[in-house]
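Let's take a friendly walk through this model together. Have the sequence and the structure open, and follow along.

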Amino acid sequence: MSASALAERASRLVAGLKRLYPEAACELNHKSALELLVATVLSAQCTDQRVNAVTPELFATYKTAADYANADPAQLEKLIYATGFFRNKAKAIIGLSAALVQNHGGEVPEAMEDLVALPGVGRKTANVLRSVWFLRPAIPVDTHVLRLVSRLQLSKETDPVRIEMALQKLLPEEDWSFAATALIWHGRRLCFARKPQCPSCALRDDCRFPGRR
């Protein structure tokens, strides 16, 4: 497929996603950049619903980066236990919070280079912050985006960073954040990993996944 044909198909797919999910937004409950950052760290290998069940008590206990930086690891681990990998997540949250206090006055920075310099923060998490909180064009590439980009044959890349760059070239900047969020919604609601609901998918005419028929 030529580059222009791929761009046209991508445009149709984004238009379809806008019809399906006009309200698409981050599903992690938060009221600040710090809460979103912590919730995103907790969401690794965990559903947003489970994270949202844990964070009310967590956010009531720890209100600032300094609170997290000075947290007793055992207490923090207990509060986030249900999200899985709780020891590693607690270590990351304490570490990134200490870095926020030391290097950013306790505030979550906006720049990509500053975000990914925080312990436990990669490009996906940084892009979530930039897209959702700072309202910057960004493409967080999670497992759903990885799966759907492959199924829709929007890119042959398999590395998340390369997929992010490929989508940036393929889509207009104003569609970056929405497209990533809507792909996540579609992956959670219809295009499942094991049993995608291809017959009822409104995107099927522009999909290249073998199970679409």
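Is Gln 45 buried or exposed? With a relative accessible area of 66%, Gln 45 is exposed. Keep in mind as you look that this is a predicted model. You will find Gln 45 in the loop between H2 and H3. Its backbone deserves a glance too: Gln 45 is not a glycine, yet its phi is positive, about 55°. For background, most residues other than glycine have a negative phi.

Phe 85 makes a good next stop. This residue is not a glycine either, and has a positive phi of about 50°. Phe 85 sits in the loop between helix H5 (73-80) and H6, and its relative accessibility of 54% counts as exposed.

Now turn to the open space in the model. Rolling a probe the size of a water molecule over the atoms shows where empty space is left. The largest pocket has a volume of about 870 Å³. Its lining is made up of 38 residues, and those nearest its centre are Ser 43, Asp 48, Lys 124, Asp 142 and Arg 188. Several helices supply at least two lining residues each, among them helix H2 (33-42), helix H3 (48-61) and helix H8 (123-133). Which helix gives the largest share of the lining? That is H11, with 6 residues.

From the pocket, Asp 142 leads us on to helix H9 (143-151), which also supplies at least two residues of the lining. Asp 142 caps the N-terminal end of H9, with a side-chain oxygen 3.0 Å from the backbone nitrogen of His 144. His 144 is itself one of the buried residues of H9, and Val 145, Arg 147, Leu 148, Val 149 and Arg 151 are the others. These buried residues pack against helix H10 (160-170) and H11. After H9 comes Gln 153, where phi is positive, near 55°.

Gln 153 brings us to the last stop, since Arg 9 touches it, along with Met 1, Leu 152, Asp 206 and Arg 208, leaving aside residues up to four places away in sequence. Arg 9 belongs to helix H1 (residues 3-20). What is the nearest side chain of opposite charge to Arg 9? It is Asp 206, 5.2 Å away, and Arg 9 is buried without a salt bridge. A salt bridge here needs the charged atoms within 4 Å. The side chain of Arg 9 does, however, reach the backbone oxygen of Asp 206, at 2.8 Å.

Definitions and conventions:
Residues numbered from 1 in each chain as written. Predicted model: local features only at pLDDT ≥ 70, side-chain atom pairs only at ≥ 80, totals over all residues. Heavy atoms only, no water. Helix = DSSP H or I, 4+ residues; strand = E, 2+ residues; numbered from the N terminus. Buried < 20%, exposed > 50% of the residue type's maximum accessible area, 1.4 Å probe, protein only. Lys, Arg positive; Asp, Glu negative; His and termini not counted. Polar contact = N/O pair within 3.5 Å; in protein donor to acceptor, adjacent residues only side chain to side chain. Contact = heavy atoms within 4.5 Å. 1 Å grid on protein atoms, 1.4 Å probe; cavity = no way out; pocket = protein on both sides within 12 Å on 5 of 7 lines; lining within 4 Å. Points joined across faces, edges and corners; volume = space filled by probe spheres on them.
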